[in-house]
Amino acid sequence: MNNAPVRTVSDAKRDFYTHHTRPINSIYRRVVDELMVEMHLLSVNVDFAYDPIYALGIVTTFDRFMQGYQPENDKASIFNALCRSINSTPEHYRGDAEALKASVSGMSLDNLKGQFENLSEGGDGLRGTLAAVANKEKFKYSRPFGVGLYTLVETAASEDALKEKDAVEALFKDLSAKLNISTDKLQKDVELYRSNLEKFAQAQEVMKDMLAADRKKREERQKAAEAAAEAINESVATAPKAAESGEAAE
């Protein structure tokens, strides 16, 4: 029996800032904090079991909502700190996520849906992962798992297919039934994720406009400063000549 004390959110945050010591851009801090807390709470939940679909959801969420982060080089450090805060590694998460996504690359949506059939028989690869979920007595569903599942569908489905709301809802109702997970939770998380992606894309455009306007103001101030400096230099340069002219007149 393991009598070790359960790690707290404070423990996770302390470990995070041990591995990432630079301040986090305020615009993105909420994304990082929410991911950190979510990953921690799941890691200490007795019913939770890590799987590649969950890993794909974490990686996708981080990559999508950290787009545009500056400085760019800090993103790898932040993701490393997130994984280390729950005693894991970025290689573990990204390795499983990339392998899973690669396994459906080139699949049609119908082929992907076929992977969800007859899960009671088990299997290898993606089918094996899905079977483990469907056959687990107490599977702990999570929002990142829902995002990971949506990412698999997004990889196989056409962009037009994902625009058909009723078809998307029907698809996830079918998939959740085959995995023995809550249809309501899955559809709610998928809808919220898609909505947040749209809002994020709009916010990015606003940020780009703000940065462009700020850059233009800086350039205008720079030009004004250079013009003022040039005027001062010209006045200094003409001063001796004026003095010489005065002396010659005398």
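**Close-up views of an all-helix chain**

Pro71 sits in the loop that joins α3 to α4. This is a predicted model. The legends below take one part of the chain at a time.

**View 1. A cis peptide bond leads into Pro71.** The bond runs from Gln70 to Pro71, and its omega is near 0°. Most peptide bonds are trans. Pro71 belongs to the α3–α4 loop.

**View 2. The whole chain is built from helices and has zero strands.** Count the helices and you reach eleven. From the N terminus on, the elements read α-α-α-α-α-α-α-α-α-α-α. The chain has 250 residues, and 34% of them are buried. Now take the contacts between residues at least 6 apart in sequence: 70% of these join residues at least 24 apart.

**View 3. Helix α4 is largely enclosed by the rest of the structure.** This helix covers residues 74–84. Eight of its eleven residues are buried, so little of α4 is left uncovered. The buried ones are Asp74, Lys75, Ile78, Phe79, Asn80, Ala81, Leu82 and Cys83. What do they pack against? Their partners are α1 (9–19), α2 (26–43), α3 (52–65) and α5 (90–104).

**View 4. Helix α8 is mostly covered.** α8 spans residues 143–156, which gives 14 residues. Its first and last C-alpha atoms are 20 Å apart, close to the 20 Å expected at 1.5 Å a residue. Of the 14 residues in α8, eleven are buried. Among them are Pro144, Phe145, Gly146, Val147 and Gly148. Leu149, Tyr150, Thr151, Leu152, Val153 and Ala156 are buried too.

**View 5. Helices α3 and α8 pack at an angle of about 85°.** Their axes are 7 Å apart. The two helices are therefore roughly perpendicular to each other. On the α3 side, the contact uses Ile53, Tyr54, Leu56, Gly57, Ile58, Thr60, Thr61 and Arg64. On the α8 side, it uses Arg143, Pro144, Phe145, Val147, Gly148, Leu149, Thr151, Leu152 and Glu154. The residues of this contact divide into nine nonpolar, five polar and three charged.

**View 6. Ser142 is buried in the loop before α8.** The loop lies between α7 (125–135) and α8. Is Ser142 buried or exposed? Its relative accessibility is 5%, so Ser142 counts as buried. Which residues does Ser142 contact, leaving aside neighbours within four places in sequence? They are Leu42, Tyr54 and Asp189. Tyr54 also takes part in the contact of α3 with α8.

**View 7. Helices α2 and α3 cross at roughly 170°.** Their axes come within 10 Å. α2 and α3 are therefore roughly antiparallel to each other. From α2 come Tyr28, Val31, Leu35, Met39 and Leu42. They meet Tyr54, Ile58, Thr61, Phe62 and Phe65 of α3. This contact has nine nonpolar residues, one polar and no charged.

**View 8. Helices α1 and α2 pack at an angle of about 125°.** Here the axes are 10 Å apart. That angle makes α1 oblique to α2. The crossing is right-handed. α1 brings Val9, Ala12, Lys13, Phe16 and Tyr17 to the contact. α2 brings Val32, Asp33, Met36, Val37, His40 and Leu41. Sorted by type, the residues of the contact are eight nonpolar, one polar and two charged.

**View 9. Val44 touches Val6 and Arg7, not counting residues up to four places away in sequence.** Val44 is in the loop between α2 and α3. Its relative accessible area is 31%, so Val44 is partly exposed. Val44 and Val6 are 38 residues apart in sequence. In space, their C-alpha atoms are 6.9 Å apart.

**View 10. Asn87 and Asn180 each have a positive phi.** Most residues other than glycine have a negative phi. Phi of Asn87 is near 60°. Asn87 lies in the loop between α4 and α5. At 61% relative accessibility, Asn87 counts as exposed. Where is Asn180 found? Asn180 lies in the loop between α10 (165–179) and α11 (183–249). Its phi is about 60°. Asn180 is exposed, with a relative accessible area of 56%.

Definitions and conventions. Residues are numbered from 1 along each chain as its sequence is written. This is a predicted model: local features need pLDDT of at least 70, side-chain atom pairs count only at pLDDT 80 or more; totals for chains, interfaces and linings use all residues. Side-chain values use heavy atoms; hydrogens and water are left out. Helices (H or I, at least four residues) and strands (E, at least two) are DSSP runs, numbered from the N terminus. The expected span of a helix is 1.5 Å times one less than its number of residues. Buried means under 20% relative accessible area, exposed over 50%, partly exposed in between (1.4 Å probe, protein chains only). Contact means heavy atoms within 4.5 Å. Axes are lines fitted to C-alpha atoms, for helices over the stretch in contact, and angles run from 0 to 180 degrees between N-to-C directions. Angles under 35 degrees count as roughly parallel, over 145 as roughly antiparallel, 65 to 115 as roughly perpendicular and the rest as oblique. Ala, Val, Leu, Ile, Met, Phe, Trp, Tyr, Cys and Pro count as nonpolar, Asp, Glu, Lys and Arg as charged, and the others, Gly among them, as polar. A crossing is left-handed if the near helix is turned anticlockwise from the far one by less than a right angle, and right-handed if clockwise.
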